[in-house]
Amino acid sequence: MAIPIAILDCDLLLHGRGQKTLDRFDLDSVSDDILLTQFGFPREFILYLVEILREALCRRTQRSRAISPEVQVLAALGFYTSGSFQTSMGDTIGISQASMSRCVSNVTRALVEKAPQFITFNRDPSCIEQSFQAFQRVAGFPGVLGVLDCVQVTIKAPNSEDSSYVNKKGFHSVGCQLVCDVRGLLLSAETNWPGGLRDSDVLERSALHKLLQGTEEGWLLGDRRYPLRKWLMTPVECPESPAEFQYNLAHTATHEIVDRTFRAIQTRFKCLDGTKGYLQYSPERSSSILLACCVLHNASLQSGLDAWTLERTDPLEQPESLEQRPEDRDSQAEDLRKQLIVKHFS
């Protein structure tokens, strides 16, 4: 009786017996065009990934034909960048759905372990000064450490039917709080938030909030969904003076960088693009896949690739304003913003 290929452990390529086994898969045998088209990245970057993840992917095994780190990386990149189901991408490189799933899990786990290495908020004075200068060149907004946003990635409904993952638009999602610099490099990425949480609640509970509480110089820029703080400048709700209008214009032009960055990440990693379907995993695993894609985004940018080459041009969604209670107002932050407007935008 013939054995269905779906249950094989994939020691053969789809071309049949007698061909190359996966542990001898040779990246040099694949053209640059295929690597870019099928896996989303150039050869040099894929080889770089294989090397930095090799130790984590070379598992001890009794099997004589373990899947090589090269194939594991290609399998994961194929899934991240295609947005297709694992069966389809597995067929492309000749492995079963079961092996494809293991490869994606292994590479995701290895990338998540690398997150502290690739996603860091450098507080060194020289780095802060460089950030100030780079952001000010965008639209004249001074003292910017980074731009902040919280984005939603669609997931399947959790088995527990946890309503905390239902966002304000009515679908299940995980929330990802991002901060990036002027180049689109992520300085912070917290991907494990239930989609039903308000952006301001995510911020209040986040590691980023603790990190910036004592900041005396500089600030993040956040949209109207966030509260005004001394370290977080938000738009003026009802601008009246020319200076306040100018402040808001500069704020919007600078804050747009984080929106552009996430659109570019979704475009490169189509598994995160809700218009192509949704992640068919638990919230925990979906959060790990999202963080792995954030690590890949930073690694590729640090390797010289353009952050926004593949950026979508969807119109930006206008955020709803935060309904702030009187007791949540920060009078010191309001005074600081007024001083900022008078000094730099009058």
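Two strands count as paired if DSSP finds at least two bridges between them. Keep that in mind for this predicted model, since the exercises start with its sheet.

**Exercise 1. Work out how S2 and S3 pair, and where S3 sits in the sheet.**

Step 1. Look at S2, residues 173–180: six bridges join this strand to S3. The cut-off for pairing is at least two bridges, so S2 and S3 pair, and they run antiparallel.

Step 2. Pick out individual partners. Valine 174 is bridged to proline 194 in S3, while glycine 175 has tryptophan 193 as its bridge partner.

Step 3. Check the turn. S2 and S3 form a hairpin with five residues between the strands, and glycine 184 there has a positive phi near 95°.

Step 4. Place the pair in the whole sheet. Reading across, the order is S3-S2-S1-S4-S5, in an open sheet with mixed pairing. That puts S3 (186–194) and S5 (232–233) at the edges, each pairing on one side only.

**Exercise 2. Is S3 enclosed or open to solvent, and what lies across this part of the sheet?**

Step 1. Count the buried residues: eight of the nine in S3 qualify, so the strand is largely enclosed by the rest of the structure.

Step 2. Look for a helix over it. H11 (residues 283–302) lies across S1 (144–154), S2 and S3, and runs at about 170° to S3.

**Exercise 3. Describe helix H2 and say what covers its buried residues.**

Step 1. Trace the helix through residues 43–57; H2 bends by about 35° at glutamate 51.

Step 2. List what is buried: Arg43, Phe45, Ile46, Leu49, Val50, Leu53 and Leu57.

Step 3. Find the cover. Helices H1 (32–39), H3 (69–82) and H5 (97–113) contribute, and H11 is also included. You've met H11 already, as the helix lying across S1, S2 and S3.

**Exercise 4. Classify threonine 234 and glutamine 133 as buried, partly exposed or exposed.**

Step 1. Find threonine 234 in the loop between S5 and helix H10 (242–268). Its relative accessible area is 5%. Buried means under 20%, so threonine 234 is buried.

Step 2. See what surrounds this threonine. Setting aside neighbours within four places in sequence, the contacts of threonine 234 are Gly222, Asp223, Tyr226, Pro227, Leu228, Tyr247, His251 and Arg337.

Step 3. Now go to glutamine 133, in helix H7 (residues 125–139). With 42% relative accessibility, glutamine 133 is partly exposed.

Step 4. Add one distance. The C-alpha atoms of glutamine 133 and valine 182 are 9.9 Å apart, with their positions 49 residues apart along the chain.

**Exercise 5. Sum up the whole chain and decide which stretch to treat with caution.**

Step 1. Tally the elements: the protein chain has twelve helices and five strands.

Step 2. Check burial and surface. Of the 346 residues, 49% are buried. The chain exposes about 17500 Å², and carbon and sulfur atoms supply 50% of that.

Step 3. Look at the contacts between residues at least 6 apart in sequence: 69% of them join residues at least 24 apart.

Step 4. Turn to confidence. The average pLDDT is 85, and 82% of the residues score at least 70. Over residues 1–24, though, pLDDT stays under 50, and the model has 38 contacts beyond four places in sequence for this stretch. Where pLDDT is low, predicted coordinates shouldn't be read in detail.

Terms used
Residues are numbered from 1 along each chain as its sequence is written. This is a predicted model: local features need pLDDT of at least 70, side-chain atom pairs count only at pLDDT 80 or more; totals for chains, interfaces and linings use all residues. Side-chain values use heavy atoms; hydrogens and water are left out. Helices (H or I, at least four residues) and strands (E, at least two) are DSSP runs, numbered from the N terminus. Buried means under 20% relative accessible area, exposed over 50%, partly exposed in between (1.4 Å probe, protein chains only). Contact means heavy atoms within 4.5 Å. Accessible areas come from the Shrake-Rupley method with a 1.4 Å probe; for residues, only the protein chains shown count as cover. pLDDT is the predictor's confidence in each residue, from 0 to 100. Axes are lines fitted to C-alpha atoms, for helices over the stretch in contact, and angles run from 0 to 180 degrees between N-to-C directions. The bend at a residue is the angle between axes fitted to the seven residues ending there and the seven starting there.
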